[in-house]
Amino acid sequence: MKKVVWILAGISVATGCKKQASAPTDLVDLAPYLFGNQADPTLLSGGLTSLATWMDTRGAAEPGYILPALSSDAVAQIVIPPGTDPADTLGGFVDAQSTATLDQQVAFIMLPDQSVVNPNDYSKNERAFVTGGDCFADETCERLTTTNDIIKTAAFGVTIPYVYFKDYQWATYTDADGNDQKAVVSRGWIEVEGWDDAHQNGVRQSYTLDVFMDTSDGTVHRSQALWTEMVLVIDGLVSQDFLEQQLLDGLTGVLSDTDAAIIAQGL
């Protein structure tokens, strides 16, 4: 059965300059590098500096970029669903300037009810804080780990439940002017496949990378990458080009929906 993608919408703060590790300079290698090294503040700093440079030098920004499937090396530090292969995922990346500050973005991260990002997409999206819930927002600890109990709503009344793990890490990077800036980087994944009651529609694997980069004007440059593999009853009825565009549109929607939710929540 052909696999169909379905969008799931889905460090330490340096007190001084830290030596940054070398990192890839092209997006194709950089996105999985950031995902795989999300728990290492030093490697993150080098990767974020590379990402900032790529954004400044890429020329005309595209509405989104299709990425190769995620490598096994990139998921070596997490548990993935048994019997799945990251090589079967479809990947995409989008970025946009947010009008919200980094403090506002973090305040949204700390909401227990994450369904407010788009209630039409989730009948349930409840976040539980495993570690860092009492110290991450004020930066007195560098890492936040969460579990997210989700029921995703799809067309024709289909609902797919699954548990999403999502960790957040404070980091720093160097911008184009040589200034140290703060950032938050998140890595998300599932460890068990999620299926509807009829076992006809499901998410086999899903991996997300979220990057929140502070800028000199106080706004945040947000990036999101998603690698996912879904199985749906409509397998074989849509083209690869359609799937890729749906993936990019879905990621773009997450960024704009989050900004709208931050305003609606008064954060």
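Start with helix H3, which spans residues 102–109 in this predicted model. Its buried residues are Leu102, Gln105, Val106, Phe108 and Ile109. Look down the helix and you'll see the pattern: these residues cover an arc of only 155 degrees around the axis, so they sit on the same side of H3.

Now move to helix H2, residues 41–57. Leu48 is found in this helix, and with a relative accessible area of 0% it counts as buried, because buried means under 20%. If you want to see what it sits across from, pick out Leu34: the two residues are 14 apart along the chain, and their C-alpha atoms are separated by 7.8 Å.

H2 also has a part in a pocket. The second largest pocket has a volume of about 230 Å³, and H2 gives the most to its lining, with three residues. The full set of lining residues is a mixed bunch to click through: Ala52, Met55, Asp56, Gln97, Tyr173, Asp175, Ala176, Asp177, Met213, Thr215, Ser216 and His221.

Next up is strand S8, which covers residues 202–214. Thr208 lies in S8, and at 4% relative accessibility Thr208 is buried, since that is under the 20% cut-off. For a long jump in sequence, find Phe93: it is 115 residues from Thr208 along the chain, yet the C-alpha atoms of the pair are separated by 9.8 Å.

From there, head out to the loops. His199 lies in the one between strand S7 (194–195) and S8. Its phi is near 55 degrees, a positive value in a residue other than glycine. His199 is also exposed, with a relative accessible area of 51%. Glu139 is another residue to check for its backbone: its phi is near 65 degrees, again positive in a residue other than glycine. You'll find Glu139 in the loop between strand S3 (122–131) and strand S4 (143–153). At 27% relative accessibility, Glu139 counts as partly exposed, because that value falls between the 20% and 50% cut-offs.

Finish on the surface, in the loop between strand S9 (220–231) and helix H4 (240–264), where Val233 lies. Val233 has a relative accessible area of 52%, so it counts as exposed. Together with Ile234 and Leu237, Val233 makes a nonpolar surface patch of about 290 Å².

Definitions and conventions: Residues are numbered from 1 along each chain as its sequence is written. This is a predicted model: local features need pLDDT of at least 70, side-chain atom pairs count only at pLDDT 80 or more; totals for chains, interfaces and linings use all residues. Side-chain values use heavy atoms; hydrogens and water are left out. Patches are made of residues with over 30% relative accessible area and no salt bridge: like charges are joined within 9 Å, nonpolar side chains (Val, Leu, Ile, Met, Phe, Trp, Tyr) within 5 Å. Accessible areas come from the Shrake-Rupley method with a 1.4 Å probe; for residues, only the protein chains shown count as cover. A salt bridge is a side-chain nitrogen of Lys or Arg within 4 Å of a carboxyl oxygen of Asp or Glu. Helices (H or I, at least four residues) and strands (E, at least two) are DSSP runs, numbered from the N terminus. Buried means under 20% relative accessible area, exposed over 50%, partly exposed in between (1.4 Å probe, protein chains only). The arc is that of the directions from the helix axis to the C-beta atoms. On a 1 Å grid over the protein atoms alone, a cavity is a set of points where a 1.4 Å probe fits but cannot get out, and a pocket is an open set with protein on both sides within 12 Å along at least five of seven lines; lining residues have an atom within 4 Å of a point. Grid points are joined across faces, edges and corners, and a volume is the space filled by probe spheres set on the points.
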